[in-house]
Amino acid sequence: MQRNGIVTSVWIDKNTEKINIDLDNSQTEDSCSIKQKNCYAVKSCATCGGCGFAGKNKETGLFAVSGNKITALNKSGRNLKKGDPVIVEIKENQTRIQALSSVILPILMAIVFSLSFYFFFYTEKAIVGGLFFGLIIGSALAFLLKNKMGDKALPQVIG
């Protein structure tokens, strides 16, 4: 998947140039945010209020949309600076790895531990305890996996 964006900052981490990018949302400008009550009333970004582009009308908190800012690796060989337009690419396998490590692994661990605790103790408290313990273990495994993989799952600037 490829998206266009604009560089907001550039830094070097472990001999790799990393770039913060604001993605271009012009293709999804008429989409609704989670908080939008009437999806058909959205005429432009400023009337929606669901993301950071809404100015003074923007939403804050749990249901605010903020998915237009990413960090990517500079594999293009270009000397990029703030304000440069770029094309960012992420491969499908990288997306799968991110979903597996950040979402599926903690949920799977929570299910496994809650069922294990239930079959060992046969109480509802054991299910809740196993659920929280599994989420903690799953999240810890996700962080370990992220640190082990390093920057392999990050999107890359290709142009």
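## The barrel

Five strands close into a barrel here, in the order β1-β2-β3-β5-β4 and with mixed pairing. Keep in mind that this is a predicted model.

One of the strand pairs to look at is β4 with β5. Strand β4 covers residues 85–89, strand β5 covers residues 156–157, and the two run antiparallel to each other, joined by two bridges. If you want a spot to zoom in on, go to glutamate 89: its bridge partner in β5 is glutamine 156.

## The overall layout

Stepping back, the protein has three helices and five strands. Walk along the sequence and they come up as β-β-α-β-β-α-α-β.

Of the 159 residues in the protein, 26% are buried. As for contacts, take those between residues at least 6 apart in sequence: 61% of them join residues at least 24 apart.

## Two helices side by side

Now for α2 and α3. Helix α2 spans residues 92–121 and helix α3 spans residues 124–149; their axes come within 7 Å and cross at roughly 150 degrees. Angles over 145 degrees count as roughly antiparallel, and α2 and α3 are therefore roughly antiparallel to each other.

The crossing of α2 past α3 is right-handed. What sort of residues make up the contact of α2 with α3? There are 19 nonpolar and seven polar residues, with no charged ones.

## Two residues on β2

Strand β2 takes in residues 16–23, and lysine 18 is found there. Is lysine 18 buried or exposed? Its relative accessibility is 10%, so lysine 18 counts as buried, the cut-off for buried being under 20%. Leaving out residues up to four places away in sequence, lysine 18 touches Ser9, Val10, Trp11, Asp13, Thr71, Ala72, Leu73, Asp151 and Leu154.

Asparagine 20 also lies in strand β2. At 24% relative accessibility, asparagine 20 counts as partly exposed, because that label goes to values between the buried limit of 20% and the exposed limit of 50%. With residues up to four places away in sequence again set aside, the residues asparagine 20 touches are Ile6, Val7, Thr8, Ser9, Trp11, Ile70 and Thr71. For a link across the sequence, check lysine 69: asparagine 20 and lysine 69 sit 49 residues apart in sequence, with 7.0 Å from C-alpha to C-alpha.

Key: Residues are numbered from 1 along each chain as its sequence is written. This is a predicted model: local features need pLDDT of at least 70, side-chain atom pairs count only at pLDDT 80 or more; totals for chains, interfaces and linings use all residues. Side-chain values use heavy atoms; hydrogens and water are left out. Two strands pair if DSSP finds at least two bridges between them. Helices (H or I, at least four residues) and strands (E, at least two) are DSSP runs, numbered from the N terminus. Axes are lines fitted to C-alpha atoms, for helices over the stretch in contact, and angles run from 0 to 180 degrees between N-to-C directions. Angles under 35 degrees count as roughly parallel, over 145 as roughly antiparallel, 65 to 115 as roughly perpendicular and the rest as oblique. A crossing is left-handed if the near helix is turned anticlockwise from the far one by less than a right angle, and right-handed if clockwise. Ala, Val, Leu, Ile, Met, Phe, Trp, Tyr, Cys and Pro count as nonpolar, Asp, Glu, Lys and Arg as charged, and the others, Gly among them, as polar. Buried means under 20% relative accessible area, exposed over 50%, partly exposed in between (1.4 Å probe, protein chains only). Contact means heavy atoms within 4.5 Å.
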